[in-house]
Amino acid sequence: MRSYTTPHGAWVVLGGIHLLNGIAPRRPDDPIVLIRVAPQEVCVPSTTVVIHWDTLGTCLVTALTSQGTPLATGRIDGSALFPDGIAGPAVRTMIGEAAAPGLVPLCYLAEHPGGYHAYAQIHFSPQDACFLRTTREPVGAGLVEELRWLNPALSAHADSALRLNNHRRYFHTHFPGTELEYKYNITPRADIWTSAVTLLKALREGELPDCRPEYRNELQINYFDNHLFDVTGPDSELGYASFIPTIDGRHVLKRKWCTEDTFARREEIAVIDVAPDGLQDYLRAELGLQVRAMPPFRRVRYDIQCESMRTGHVYGIFFDHCSLLEAPDVVLAQCEMEYLRSRSLLNRDQDEVLVEMDRISLWLQDHLTQRGLTKQRTFYSKRTFLREVLAARPELAPGDSPCPLQPEATSMSDALPAQTADSEPHAAAALPATANGSNGQGVTHLTWPRMEELVSRIAVAIRDDGAPQTLIAVLRGGGIPAVWLSHQLGLRDVRGVEVTHTVDDSTNAAKTAQPVAVNPASLGDVTGRDVLIMDDVAGTGHTLAAAARLATDAGARRVRTAVCVVNEDNWTGRLPAEATVTYIGTITHGWVVFPWEGNDEHEH
């Protein structure tokens, strides 16, 4: 929804392509063309704006030099702006034939209290254009013809040139390696094609507030066979492995780690060269897994890509029909909603994804319920479905496979979680634990060599992402690993902040209600800096999150977090630790004693 109701001015700004790609210097006589349009944002402010030229109607057009000298004014129909992807005759007349061939949309400009928001052009064609917001706050207050906004807009583009000037590099992903997904079981007789295009029409018409179909990627069609294996061991690998054949004879392998059906699951995808009759042997011999083959099935799936124009997050809504190859009458039909990626240059809190997913999923549930397709959302997986099928029809078990596991429920209806729209929507994924030298009494003792290994592992991952400018240790426990890490990364700007979440340092010490920052000023000035927060251990994760918030609130440009050990037994986040902490040395279960603590046992 718009954040204010006063009508605001909006313009499509045209200029030379060299102003975006920098292959020629900016000149005083460069033409700048202002095309006055009706506001094009779906919500205000948006992250993404899509403009269709033929919907603009007749527009007032003003041509200026980049120093503000008037060149010409006139009126041009939107469909005549770029009829062949090149400035049309009316535009060329205004700026001259010599400048016209290099003229492109520079940005979409929207008036806001205090100035203008600039949206950089990331794609345009004879039919439409897509723009991405580059300004956090309005810039260049004054009359639009004074061009006070031009330098800040071009500077913002230059600051993100690598992402804006390379195809689809403006996309990034929150929660890498983690699948976030809601499911809705629908009647097996449902016409999933009609259901998919009906939903697509609803998105196009704005029935879901702030959202539209993803720009030039709104519908995908999938048709393939799926060979799924239930991973029954070792304990750290429980979940399933799924093979999808590719047209070149290889297979896509999807690994998912979970002990039960849940909202968030660790996921890895790889393309491997393995023959169809070697899938089970590959899992056993190459990956060391204990597996049980499940009945193969055929999937017909229609994927609708939904983009939040407010945040830039993209969600997939998939209508899926699965039928067993050996028993086509056995069908699972579902609608699934999954977070896919984010189209944004502006850093956003990843928790916003969860809030928005919840909102969209409830809208989707209502949309499906109104059409008699479902009544509740769930996490019901295909593995659970296949387990139940084998319990009811054991003759469908593939050959060379042991007797199937008992299902988690006695019927498909019983297996549906008791979850409604009013239930807590997020469940933590079960992640594999890592052996850490536990003494079997619920306490893990780490040695100096083991700590060196963990810090080195974190350092390698950080180098791949780029070293931070400032390293902040959460005192006291984060002090030693932070100094150790600083030497490996070659950092000299090392600071400390004391944040505590326990009343003392004893084993199983009581927690305070909220993490407490003893002296926040010890952070120093982090305005505009790339900051890494380092701690030795994360239990609930609240201390690390509180330290990260301190840095963000103090103006840090980028904040990452690192921790040597996560004690998963105490983790209380709605998402797995691996989806919340940027860098993790290892995951353990139970209390941890670090080598510098002697016989004391630490606060986690």
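These legends go with several close-up views of the structure above.

The model is predicted, so local features are described only where pLDDT is at least 70 and side-chain atom pairs only at pLDDT 80 or more, while totals for chains, interfaces and linings use all residues. Residues are numbered from 1 along each chain as its sequence is written, and side-chain values use heavy atoms, with hydrogens and water left out.

**View 1. Phe175 and Tyr339 meet in an aromatic pair.**
Let's start with the rings. The structure has 16 aromatic pairs, where rings of Phe, Tyr and Trp (its six-membered ring) pair if their centres lie within 6.5 Å, and planes under 30 degrees apart count as stacked, over 60 as edge-to-face and the rest as tilted. Phe175 and Tyr339 form an edge-to-face pair, with 6.4 Å from centre to centre and 85 degrees between the planes. Phe175 belongs to the loop between strand S9 (171-172) and strand S10 (178-186), and Tyr339 to strand S19 (residues 331-343), so the pair ties together parts that are 164 residues apart in sequence. Helices (H or I, at least four residues) and strands (E, at least two) are DSSP runs, numbered from the N terminus. Phe175 is buried, at 2% relative accessible area, and Tyr339 counts as buried at 5%. Buried means under 20% relative accessible area, exposed over 50%, and partly exposed in between (1.4 Å probe, protein chains only). Look at the backbone of Phe175 too: its phi is positive, about 55 degrees, although Phe175 is not a glycine.

**View 2. Phe229 and Phe243 join two strands.**
Phe243 is buried, with a relative accessible area of 0%, and Tyr339 from the previous view is also buried, at 5%. Phe229 and Phe243 make an edge-to-face aromatic pair, 5.9 Å centre to centre with 90 degrees between the planes. Phe229 sits in strand S12 (residues 219-233) and Phe243 in strand S13 (residues 239-245), so this pair ties together parts that are 14 residues apart in sequence. Phe229 is buried as well, at 7% relative accessible area.

**View 3. Ring pairs build a cluster, and arginines sit over rings.**
Trp448, Trp484, Phe594 and Trp596 are linked into a cluster by ring pairs. Elsewhere, Arg266 lies over the face of Trp257, 3.9 Å from the ring centre, and the charged end of Arg301 sits over the ring of Phe318, 4.4 Å from its centre. A charge sits over a ring if NZ of Lys or CZ of Arg is within 6 Å of the ring centre and within 35 degrees of the ring normal.

**View 4. The second largest pocket is lined by several strands.**
This pocket has a volume of about 580 Å³. Its lining has 29 residues, and the closest to its centre are Ile244, Lys254, Arg299, Arg301 and Glu338. On a 1 Å grid over the protein atoms alone, a pocket is an open set of points with protein on both sides within 12 Å along at least five of seven lines, a cavity is a set where a 1.4 Å probe fits but cannot get out, and lining residues have an atom within 4 Å of a point. Grid points are joined across faces, edges and corners, and a volume is the space filled by probe spheres set on the points. S12 gives the most to the lining of this pocket, with six residues. By class, the pocket lining has nine nonpolar, six polar and 14 charged residues; Ala, Val, Leu, Ile, Met, Phe, Trp, Tyr, Cys and Pro count as nonpolar, Asp, Glu, Lys and Arg as charged, and the others, Gly among them, as polar.

**View 5. The second largest cavity has no charged residues in its lining.**
The whole structure contains three cavities of 30 Å³ or more, and the second largest has a volume of about 80 Å³. Of its 13 lining residues, Leu106, Cys107, Ala153, Leu154 and His157 lie nearest its centre. Strand S6 (103-112), S7 and helix H3 (150-159) each give two or more residues to this lining, and H3 gives the most, with four. Eleven lining residues are nonpolar and two are polar.

**View 6. Two cis peptide bonds precede prolines.**
Most peptide bonds are trans. A cis bond joins Val44 and Pro45, with omega about -10 degrees, and Pro45 is in the loop between strand S2 (31-37) and strand S3 (48-52). Another cis bond joins Gly233 and Pro234, with omega about -5 degrees; Pro234 is in the loop between S12 and S13.
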